[in-house]
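These exercises ask you to read a protein model step by step. Look at the structure first, and then work through each task before you turn to its solution.

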Amino acid sequence: MRFWFLVWTMLLAGAGAQAAPTCLDRGGNTTRCDIPGAMPVGWKPSPQILLERELSAAPNPGAGELLKIALGLAAIFALIALLPDFDGDWEQRGKDDDTQR
């Protein structure tokens, strides 16, 4: 019991890894800080740029796209349902193979 307590204590007390900071470019896209066009760490784009970026995002999928996804999933599940039953009798099959050698 004491062993597991020590293990959990060491795991929880360990220091977390520090990640490198990320920067933004003028369009508000996340980039690495050392590339040309990257803004300083902590810089944020103006609300106008953020609004333009949100308006240019792709719209939600329509009914036709959702129907395609549903039919694709149904086809995958149908193929899985058509697979032969697995009876777990691999050991018996292995014995048959050994007798032929």
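**Exercise 1.** Decide whether Leu66 is buried, partly exposed or exposed, and find the surface feature that Leu66 helps to make.

*Solution.* The model is a predicted one, and we begin with a single residue in it. Leu66 has a relative accessible area of 47%, so it is partly exposed, since that class lies between the limit of 20% for buried and the limit of 50% for exposed. The next step is to place the residue, and Leu66 is found in helix 3, which covers residues 63-81. Finally, Leu66 joins Ile69, Leu73, Ile76, Phe77, Ile80 and Leu83 in making a nonpolar surface patch of about 710 Å².

**Exercise 2.** Describe the order of the elements in the protein chain, and say where the confidence is lowest and where it is highest.

*Solution.* Start by counting the elements: the protein chain has 4 helices and 2 strands. Read from the N terminus on, these elements run α-β-β-α-α-α. Now turn to the confidence, for which the average pLDDT of the chain is 83, with 82% of the residues scoring at least 70. The highest value belongs to helix 3, with a mean of 97, while the lowest belongs to helix 4 (residues 90-99), with a mean of 57.

**Exercise 3.** What share of the residues in the protein chain is buried, and which contacts does the buried residue Thr31 make?

*Solution.* Of the 101 residues in the protein chain, 7% are buried. Thr31 lies in strand 2, which spans residues 30-31, and its relative accessibility is 17%, so it counts as buried under the limit of 20%. Once the neighbours within four places in sequence are set aside, Thr31 is in contact with Thr22, Cys23, Leu24, Asp25 and Ala38.

**Exercise 4.** Compare Gly42 and Pro45: which class of exposure does each residue belong to?

*Solution.* Place both residues before comparing them: Gly42 is found in the loop between strand 2 and helix 2 (47-55), and Pro45 lies in the loop between strand 2 and helix 2 as well. Gly42 has a relative accessible area of 64% and is therefore exposed, whereas Pro45, at 10% relative accessibility, counts as buried. As a further step, look at what lies across from each residue. The C-alpha atoms of Gly42 and Thr22 are separated by 8.7 Å, although the two residues are 20 residues apart along the chain. Pro45 and Leu24 are 21 residues apart in sequence, and their C-alpha atoms are 8.1 Å apart in space. Leu24 is also one of the contacts of Pro45 beyond its neighbours within four places in sequence, and the others are Gly28 and Leu50.

**Exercise 5.** Which residue forms a salt bridge with Arg32, and are the two partners buried or exposed?

*Solution.* Side chains of opposite charge can pair when their charged atoms come close. The structure holds 1 salt bridge, in which Arg32 pairs with Asp34, and the closest N and O atoms are 3.0 Å apart. Arg32 has a relative accessible area of 57% and is therefore exposed; Asp34, at 56% relative accessibility, counts as exposed too.

**Exercise 6.** How are the rings of Phe3 and Trp4 arranged?

*Solution.* A pair of aromatic rings is described by the distance of the centres and the angle of the planes. Ring centres must lie within 6.5 Å to pair, and planes over 60 degrees apart count as edge-to-face. By this rule there is 1 aromatic pair. The centres of the Phe3 and Trp4 rings are 5.2 Å apart and their planes stand at 70 degrees, so the pair is edge-to-face. To complete the picture, both Phe3 and Trp4 are exposed.

Technical notes: Residues numbered from 1 in each chain as written. Predicted model: local features only at pLDDT ≥ 70, side-chain atom pairs only at ≥ 80, totals over all residues. Heavy atoms only, no water. Phe/Tyr/Trp six-rings, centres within 6.5 Å; stacked < 30°, edge-to-face > 60°. Buried < 20%, exposed > 50% of the residue type's maximum accessible area, 1.4 Å probe, protein only. pLDDT = per-residue confidence, 0-100. Contact = heavy atoms within 4.5 Å. Patch = residues over 30% accessible without salt bridge, like charges linked within 9 Å, V, L, I, M, F, W, Y side chains within 5 Å. Areas by Shrake-Rupley, 256 points an atom, 1.4 Å probe, with all protein chains shown as cover. Salt bridge = Lys/Arg side-chain N within 4 Å of Asp/Glu carboxyl O.
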